[in-house]
Amino acid sequence: MKLDFFNCPKPASFPQELSLAEPPNFVTYEPNWELVNLAAEQFKDYQHILVIGHGGSITSLYGLYYAMHDRTKKKIYFLSTLDPDDIAELKAKLDSKTTLVVAISKSGETVTQLEALMHFINYPLLVVAGQDTPLYEIGKRLKASIINYPPIGGRFTGLTEVALLPAAIAGLPVQEFFAGGQPLYKQFAGDNLAWKLASVIYQLEGQGYSNVFIPIYSHYLFALSTLIVQLCHETFGKGGLGQTYFVHEAPESQHHTNQRFLGGRKNIIGCFISQDSYRHQTETIVPPGLHSVPIKNQHLHMLNKVPLGAAMQFELEGTLEDAKIKSIPVAHMSLPDRDPLVIGELIAFWQMYAIYSAILRDVNAFDQPAVENSKNISFNKRLGYKGLL
């Protein structure tokens, strides 16, 4: 992983007090590999996996799976909505004989998850939940397999059993994901790339930059976008502080959000993510009969035998160079490729970035007080619908 800055302040020195502090528990956590391997063996015959959950309990798994789904024949479906049409489509598509349902929740009392689960209780069920919670009790009564949720906040569980166990059932290389994050975790108490980005973005917030635009120049890595946004918004978007983060897949984003990024209000930071190499070395071949087609004062022949990986790089460089010309602050994170070690490192990076960002703003990194009231209001409206209030 390489990180470059343009039109940005210099990263702050790593603070001595952080070097002396205890790291958060997710940094030193070791999954129960015996349990992970047993689950992978027990449920290996299921070709389809339906994961029901919300937020941090599924965003890491979503990113891991879609970043690597081209390397497994098994299919994971994600249900995090009560949309009746989506649920009906899933029920019509997924046979209970070939589908394992995995319900994941630390609190075990997320009402929307439990409502969705009720539509699949006749399927084989694996529950990952906190003990003595409603979901845990449901698992017991339905005689489901139950895994205890580790003592870690959901959005920081990407390299724990919460994400790795269902990923293992899907046949993904979970030990490599875990190994990829360890070198960065070991740097938690000293200067590292996550600290550098956090300190730069924090300084820019103080200069009036209230938005962070993250274009990801990789179709597969874009799946991690929801995790990145959640880590940033829920970890340090509180106390009236923290920027708005929005992530788009690039180069598609160049056809809409570049207008805002390059031509709108000057309150936006760019944080580009790209990969240097791809599994397939594919060249564009232009048929001879099309060589003379005019395009931008040239001819279509100029595209002949240009590798797609190089074309992706040219698209990145076009937007990056334009931002530099316009004096827009930009960070560029370049990844060597898209292998499991890199993906594990990327998850660890954004987890640590979020923690450092909370420390810089002096807010509690592990709560999310602003999301609870709306849940309570929604729950009480259900009581009103039943005429129980």
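Which residues have the most contacts inside the largest nonpolar core? Some notes on that, and on a few other spots worth a look.

1. First, the ground rules. This is a predicted model, so to speak of local features a pLDDT of at least 70 is needed, side-chain atom pairs count only at pLDDT 80 or more, and totals for chains, interfaces and linings use all residues. Residues are numbered from 1 along each chain as its sequence is written, and side-chain values use heavy atoms, with hydrogens and water left out.

2. Back to the opening question. V51, F177, L197, I214, W350, Y353 and Y356 have the most contacts inside the largest nonpolar core, which has 87 residues. A nonpolar core here is a set of buried Ala, Val, Leu, Ile, Met, Phe, Trp, Tyr and Cys residues joined through side-chain atoms within 4.5 Å. Buried means under 20% relative accessible area, exposed means over 50%, and partly exposed is in between (1.4 Å probe, protein chains only).

3. Helix 14 (residues 340-361) gives this core its largest share, 13 residues. Helices (H or I, at least four residues) and strands (E, at least two) are DSSP runs, numbered from the N terminus. Another core lies apart from the largest one; it has 21 residues, among them A116, L125, L135 and A144.

4. L197 is a good place to start browsing. Leaving out residues up to four places away in sequence, L197 touches L3, F5, C271, A331, F349, W350 and Y353. Contact means heavy atoms within 4.5 Å.

5. Now the overall picture. The protein chain has 15 helices and 14 strands. Its radius of gyration is 23 Å, which agrees with the value near 21 Å for a compact globule of 389 residues; the radius is taken over C-alpha atoms, and the globule rule is 2.2 Å times the number of residues to the power 0.38. Along the principal axes, the C-alpha atoms fill a box of roughly 70 × 60 × 45 Å.

6. On packing and surface: 48% of the 389 residues are buried. Of the contacts between residues at least 6 apart in sequence, 79% join residues at least 24 apart. The chain exposes about 18,600 Å², with carbon and sulfur atoms supplying 53% of it (Shrake-Rupley method, 1.4 Å probe; for residues, only the protein chains shown count as cover).

7. Charges: the mean positions of the 32 positive and 36 negative charges are 4 Å apart. Lys and Arg count as positive and Asp and Glu as negative, while His and the chain ends are not counted. The place of a charge is NZ of Lys, CZ of Arg, CG of Asp or CD of Glu.

8. The loop between strand 8 (244-249) and helix 12 (257-263) holds P251, and a cis peptide bond joins A250 and P251, with omega about 10°. S253 is found in the loop between strand 8 and helix 12 too. S253 counts as buried because its relative accessible area is 1%. Residues up to four places away aside, S253 touches F213, P215, H248 and N258. From S253 to L3 the C-alpha distance is 21 Å, with their positions 250 residues apart in sequence.

9. Two lysines have a positive phi. K143 has phi near 55° and sits in the loop between helix 7 (134-141) and strand 6 (145-148); at 76% relative accessibility, K143 is exposed. K296 has phi of about 50°, in the loop between strand 11 (294-295) and strand 12 (298-299), and K296 is exposed with a relative accessible area of 76%.

10. P23 belongs to the loop between helix 1 (16-20) and helix 2 (25-28). It is partly exposed, at 30% relative accessibility. Beyond its neighbours within four places in sequence, P23 is in contact with T28 and F188. Y185 is 162 residues from P23 along the chain, yet their C-alpha atoms are separated by 9.1 Å.

11. Last, two more loop residues. Q207, between helix 10 (193-206) and strand 7 (211-217), is exposed at 52% relative accessible area; its C-alpha atom is 11 Å from that of P329, 122 residues away along the chain. L303, between strand 12 and strand 13 (306-307), is partly exposed at 35%. L303 touches T284 and V286, not counting residues up to four places away, while the C-alpha atoms of L303 and V200 are separated by 38 Å.
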